[in-house]
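Let's take a walk through this structure together, one piece at a time. Keep the viewer open and follow along.

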Amino acid sequence: MSPRSLSRTSLILLVLALAAVLAFAACKDDKKEAGKTPSASPTPAAIDISGVPELADGKLLIGSDIAYAPLEFYQTGTETPDGLDVDLAKAIAEALGVQVEFVNSGFDGLIEALNTDEFDAVMSAMTIDADRSKLVDFVPYLNVGVGIVVPADNPNNIAGLEDLCGLTVAVQLGTVQEKGLKALNDETCGDNDVKIVTFDTNPLAVEDVSTGGADANYSDFPVAFLDAQQSEGRLEVVEPAPNPQPYGIAVRKSSTELKGALTQALLAVKGSGKYDDVLAKWNLESTALP
Amino acid sequence: MDWLLAVRFDVDTVGDFLFHPIILRAMRETLYITLLAMVLGIALGIVLAVMRASRNSIASAVAGTYVWFWRATPVVLQLLIMYFGLRQLIEDDLFRDNWTRWRAAVITFGLNEAAYMAEIVRGGILSVESGQMDAAKSLGMTNLQAMRRVILPQALRVVVPPTGNELIAMLKNTSVAFAIGVVELMNAAKIQAAQSFKVMELYTVAAFWYLVLVSIFSLLQAELERALTISERERPETLFSRALTLMGGRRGI
């Protein structure tokens, strides 16, 4: 091949590569549009949000780890977030007269991302606990329990948390359950520690139980329940003592106005009956917070 | 200095974790996985490179397909398939008890590395003049003998620098094994960060140890390259050889 024809070939290849990049870039823009979840046409706001700097752009940006069905997840084959948290966020945004957009972000980094202004709030099945409350403020909105996913017929006869001592338990990074297992090791298990296996997302932790790498997966009850239901009889769920701590919408410590607006909006959503509708849609009426 | 005070960085946390047993244990894990996977990768890589260079078209095609497969898929996907996928496929208890996440990680990283090493060694083989193969054979050596006694020893010098690169890349890439629940340096730091919310502090600890480990590897690589240089005059100076010179030792060891 002569140098001349070589350079022509490379030129053609370069043009093709550029075309491919441009095509993908265009494609990405489309997806970004599709990923937005606008609330139904914003109604005139009943709540005054003029003093809330985060909502000045007419948009509530919510960070969430969207891999936790039925609270937040992507419907198979779509890039649209769905789930109880998503529906509730839409109702709240509607009450505030703003648009809502979900940003998918790893669970363990959500609080750090919120505090570095990546989004306005976090709604990600996040249980209120003392350590988190040192860093962010919460608006409580749902009271779920915890659940333990075990192989069918519960071979290790797990009934409560203390039965996990000595077993291998798969858990998601940064959750209250991960912290709970560490506390269990410190306080209850003695020399017979739980072997904690940590994963970035909860579905991988569940996969570890169904392929026998772990004896149990410890998560929130609605999630554990759904995981067992969808496992075609390979997994079942155990409900240990209920967790008294509710889920909360997290906001920055400095977001006092936003916290007030969200609290008001949540009250309005409860008053209009939408709160109960959303919970009923996901069969989680029992988790309602008065 | 207002901007500096605004940064919530707790130096004490860095001190607490720098030599914390959890971090040191995780670092040992990183080293074990890296070294074992590298040994597997280099050994299999040499075999594959020789197969590819051979005149046997079946051997060459098998090696070519292997390299294509393992280079064409991301290592995290390979880990998920090798661990979860195989365990799902083979429901046998004996297999599941032995196919631990740790072994799956070492073997997957090793098999993946073999594909890259095969190309590096192949480059080394091609760097040796083809006339040498003919010369070796005219002395009565078989193909494999010529490869082992004449070609590969010379290829080694060309192969060492990129292999050092691979080793360093592997050391850092082992963190992907978190996908199957293996905790090494990066993820031990990540787990501690998620619990304590001291994110940057823990990442600083991890960065420090990666720098230390990679520096040690780089020094060892320099020594090895020096040892492999035939001509005394061309021998590169290394930290170790310079130290010897400075201490009044012999020059050109």
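Start with A:Gly63, whose bridge partner in S4(A) is A:Val103. Before going further, keep in mind that this is a predicted model. That pair belongs to a bigger pattern: S1(A) and S4(A) run parallel and are joined by six bridges.

Now look at the sheet around them. Five strands of chain A make up an open sheet, in the order S4-S1-S5-S12-S6, and the pairing is mixed. Strand S4 (99-104) and strand S6 (136-142) of chain A sit at the edges with a single partner strand each, so each has one side left without a neighbour in the sheet.

What lies across these strands? Helix H2 (residues 84-96) of chain A lies across S1, S4 and S6 of chain A, and it runs at about 145 degrees to S4(A). Then there's helix H8 (residues 256-271) of chain A, which lies across strand S5 (121-122), S6 and strand S12 (247-252) of chain A. This helix runs at about 5 degrees to S6(A).

On to a loop. A:Pro70 is found in the loop between strand S1 (59-64) and strand S2 (73-74) of chain A. Is A:Pro70 exposed, partly exposed or buried? It has 19 C-beta neighbours inside 10 Å, and a residue needs 20 or more to be buried, so A:Pro70 counts as partly exposed. Leaving out neighbours within four places in sequence, A:Pro70 is in contact with A:Gly83, A:Leu84, A:Pro222, A:Leu226 and A:Trp282. You can also pick out A:Asp85, 15 residues away along the chain: its C-alpha atom and that of A:Pro70 are separated by 8.6 Å.

Chain A has another open sheet to look at. This one has five strands in the order S9-S8-S10-S7-S11, again with mixed pairing. Its edge strands are strand S9 (195-199) and strand S11 (235-238) of chain A, each pairing on one side only. On average, neighbouring strands here are turned by 30 degrees against each other, ignoring direction.

Zoom in on one pair of strands. Strand S8 (residues 168-172) of chain A runs parallel to S9(A), and five bridges join the two. Within S9(A), A:Val197 stands opposite A:Ala170. Helix H6 (residues 202-210) of chain A lies across strand S7 (146-151), S8, S9, strand S10 (216-220) and S11 of chain A, at about 160 degrees to S8(A). Helix H7 (residues 221-229) of chain A packs on the sheet as well, touching S7, S10 and S11 of chain A, and its direction makes about 25 degrees with that of S7(A).

Next, see where the chains meet. Here 15 residues of chain B are in contact with 19 residues of chain A. On the chain B side, helix H5 (75-89) and helix H10 (185-196) each supply at least two residues, and H10(B) gives the most, with four. By class, that side has eight nonpolar, three polar and four charged residues.

Finally, stay in chain B for a helix pair. The axes of helix H8 (residues 130-138) and helix H9 (residues 143-173) of chain B come within 10 Å and cross at roughly 130 degrees. H8(B) and H9(B) are therefore oblique to each other, and their crossing is right-handed. B:Gln132, B:Met133, B:Ala136 and B:Lys137 in H8(B) meet B:Ala146, B:Val150 and B:Ile151 in H9(B). The residues of this contact divide into five nonpolar, one polar and one charged.

How values were computed. Residues numbered from 1 in each chain as written. Chains lettered and ligands numbered in written order. Predicted model: local features only at pLDDT ≥ 70, side-chain atom pairs only at ≥ 80, totals over all residues. Axes fitted to C-alpha atoms, helices over the stretch in contact; angles between N-to-C directions. Parallel < 35°, antiparallel > 145°, perpendicular 65-115°, else oblique. Left-handed = near helix turned anticlockwise from the far one by under 90°. Contact = placed C-beta atoms within 7 Å. Nonpolar A, V, L, I, M, F, W, Y, C, P; charged D, E, K, R; others polar. Buried ≥ 20, exposed ≤ 12 C-beta atoms within 10 Å, placed from the backbone. Pairing = 2+ DSSP bridges.
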